[in-house]
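Please read this briefing beside the sequence and the structure, which are shown just below.

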Amino acid sequence: MTSPSTPVVTTGYPWPIESTRLANGLRVVVSEDRSAPVVCVNLWYDVGSRHEPDGQTGFAHLFEHLMFEGSVHVKKTEHMRLVQGNGGSLNATTNPDRTNYFESMPSEHLELALWLEADRMGGLVPALTQETLDNQREVVKNERRQRYDNVPYGDAWLRMLPLLYPPGHPYHHSTIGSMEDLNAAALETFQAFHRQYYAPNNCVLTVAGDASPAEVFALAEKYFGVIEPVSAIPPAPSGHLAGPASEPVRETVTGPVPAPRIYQVHRTYAFGTAGYDTITVLATVLGNGRGSRLYQRLADGKRIAQPDYIGSYGVDLAHAPAPLIITATAKDGVDVDTLEEGLNEVIGSLTSEPVTEQELARAKALLTTAWWRQLSTLGGRADTLGRYATQFGDATTAAYRLPQWLAVTADDVTDAAAYALKPESRVTLTYLPEEKP
């Protein structure tokens with residue numbers, strides 16, 4: 001085990017951060033906080049849907065399920081039983097950039113949590129059976145039906161991605177993947193995928209809470225240090241794009257939805273860049289809450305949009321220009337053309353009517369509150385540090401995010417809108433209700 005780095009305390013991140021790297025490549029990050037006898041253990045694996053080759057879409061998300069189904073020394077469902085039976089909670093998520101496993105435990109059970117995570121990192125493949133694989137494939141199919149196929153507007157994200165990113169691009173497909181790919185793959189294919197990516201040298205382990213760095217580093221060495229690294233992890237396909245799209249794209253869906261809804265989407269900048277920090281402020285000015293331009297002008301002003309279904313937000317993807325999604329749902333009696341015209345007017349106002357100091361201050365206050373709310377919980381803190389260590393190589397770079405938002409000017413917002421929100425670069429996805437017989 002290498003020596004830990006010097007603790008870092010900054011104004012953007014007021015808790016200590018210490019890190020080390022084991023000989024097998026596992027990076028370990030610790031943020032000690034003795035305010036409560038709780039620890040949060042968080043693992044970021046640098047594998048998501050952007051890493052999936054053709055014919056293997058949905059694999060990363062399926063492993064989010066499979067990794068709760070037992071490993072060499074942990075029986076099926078026992079991982080959950082051991083965590084919850086000792087007063088903890090646990091979950092996992094997958095997105096295009098990563099797969100994340102995490103649990104919160106009383107600090108006296110830190111060793112148990114680390115042993116469980118190490119066992120499924122190094123011992124899942126020998127325990128993976130055809131029966132378990134088939135069972136979880138059905139679980140994923142059911143999840144797709146419940147979250148995407150049988151929910152009004154539920155497949156919007158699945159439709160947006162191929163409209164935003166060209167075929168072959170790592171963000172072209174969603175994490176849920178293709179059911180045909182999941183059905184066609186053999187057990188050996190899934191085992192090979194796990195061996196390739198779920199390795200110590202492709203992972204960041206973060207612990208936040210009631211534990212010292214020395215204790216965590218020693219336990220990480222004890223349980224993870226024996227796991228062999230993978231010699232050659234294949235890089236994800238390049239996400240490079242020249243910039244915003246040069247031609248508008250439209251898709252209209254008629255289906256069982258209660259009211260017309262429009263999604264207007266633009267590729268902007270990659271998460272972590274100064275450009276995307278400006279887009280984050282822009283999105284807050286445009287569509288976050290009752291004081292935003294969209295709400296003030298379309299819900300309160302023209303009264304053509306439903307107040308609860310209007311807004312704008314970025315999707316924080318780090319390896320290609322990330323999407324900014326602007327959406328509104330029509331009020332009863334409002335036709336979709338009127339709604340789209342109103343949306344276009346408000347979006348255009350970001351360049352014709354400069355952001356006011358009041359709007360800018362409000363946006364920054366909202367972002368500041370959200371940032372500290374995230375970091376005020378041990379789970380949020382562990383996840384944030386794991387993210388920055390994985391995507392930017394150093395957990396302490398999390399300290400720069402809030403200052404970067406606060407440094408954005410009104411002119412920056414105007415320039416970003418002029419660059420990223422051109423009508424010719426827009427993807428427009430429209431939902432229309434089916435005509436009633």
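The points that follow are grouped by topic: a sheet and its helices, the nonpolar cores, a helix pair, and three loop residues.

The model is a predicted one, and local features are described only where pLDDT is at least 70. It contains an open sheet of 5 strands with mixed pairing, and its largest nonpolar core has 73 residues.

**The sheet and the helices across it**

- The strands of the open sheet follow the order β8-β12-β9-β11-β10, and neighbouring strands are turned by 10° against each other on average when direction is ignored.
- Because β8 (249-255) and β10 (305-314) stand at the edges, each has a single partner strand, and one side of each is left without a neighbour in the sheet.
- Strands of a sheet pair through backbone hydrogen bonds, in either a parallel or an antiparallel way.
- In the case of β8, the partner is β12 (residues 427-433), to which β8 is joined by 7 bridges, the two strands running parallel; within this pairing, Gly255 stands opposite Pro433 of β12.
- Helix α5 (residues 156-164) lies across β8, β9 (261-267), β11 (323-330) and β12, and its direction is at about 150° to that of β12.
- Helix α9 (residues 274-287) lies across β10 and β11, where it runs at about 175° to β10.

**The nonpolar cores**

- In soluble globular proteins, nonpolar side chains tend to be buried together.
- Within the largest nonpolar core, which has 73 residues, those with the most contacts are Tyr263, Val281 and Leu282, and helix α9 gives the most to this core, with 7 residues.
- When neighbours within four places in sequence are left aside, Val281 is in contact with Leu360, Ala363, Leu367, Trp405, Val408 and Val413.
- A second core, separate from the largest one, has 56 residues, among them Leu22, Ala60, Leu90 and Ala92.

**The pairing of α3 with α8**

- Two packed helices are described by the angle between their axes and by the distance between those axes.
- Helix α3 (residues 110-127) packs with helix α8 (residues 213-224) at an angle of about 35°, their axes being 9 Å apart, and α3 passes α8 in a right-handed crossing.
- On the α3 side the contact is made by Leu110, Glu111, Leu114, Trp115, Glu117, Ala118 and Met121, whereas α8 brings Glu215, Val216, Leu219, Lys222, Tyr223 and Phe224.
- Sorted by character, the residues of this contact comprise 9 nonpolar and 4 charged ones, with no polar residue.

**Three loop residues**

- Glu69 is placed in the loop between α1 (59-66) and α2 (78-85), and it counts as buried because its relative accessibility is 15%, which is under the 20% cut-off.
- Not counting residues up to four places away in sequence, Glu69 touches Lys76, Thr132 and Gln136.
- Most residues other than glycine have a negative phi.
- Thr77, which is not a glycine, nevertheless has a positive phi of about 70°; this residue is also in the loop between α1 and α2, and its relative accessible area of 48% makes it partly exposed.
- Arg303, another residue other than glycine, has a positive phi near 55°, lies in the loop between α10 (293-301) and β10, and is exposed, with a relative accessible area of 52%.

Terms used:
Residues are numbered from 1 along each chain as its sequence is written. This is a predicted model: local features need pLDDT of at least 70, side-chain atom pairs count only at pLDDT 80 or more; totals for chains, interfaces and linings use all residues. Side-chain values use heavy atoms; hydrogens and water are left out. Two strands pair if DSSP finds at least two bridges between them. Helices (H or I, at least four residues) and strands (E, at least two) are DSSP runs, numbered from the N terminus. Axes are lines fitted to C-alpha atoms, for helices over the stretch in contact, and angles run from 0 to 180 degrees between N-to-C directions. Contact means heavy atoms within 4.5 Å. A nonpolar core is a set of buried Ala, Val, Leu, Ile, Met, Phe, Trp, Tyr and Cys residues joined through side-chain atoms within 4.5 Å. Buried means under 20% relative accessible area, exposed over 50%, partly exposed in between (1.4 Å probe, protein chains only). A crossing is left-handed if the near helix is turned anticlockwise from the far one by less than a right angle, and right-handed if clockwise. Ala, Val, Leu, Ile, Met, Phe, Trp, Tyr, Cys and Pro count as nonpolar, Asp, Glu, Lys and Arg as charged, and the others, Gly among them, as polar.
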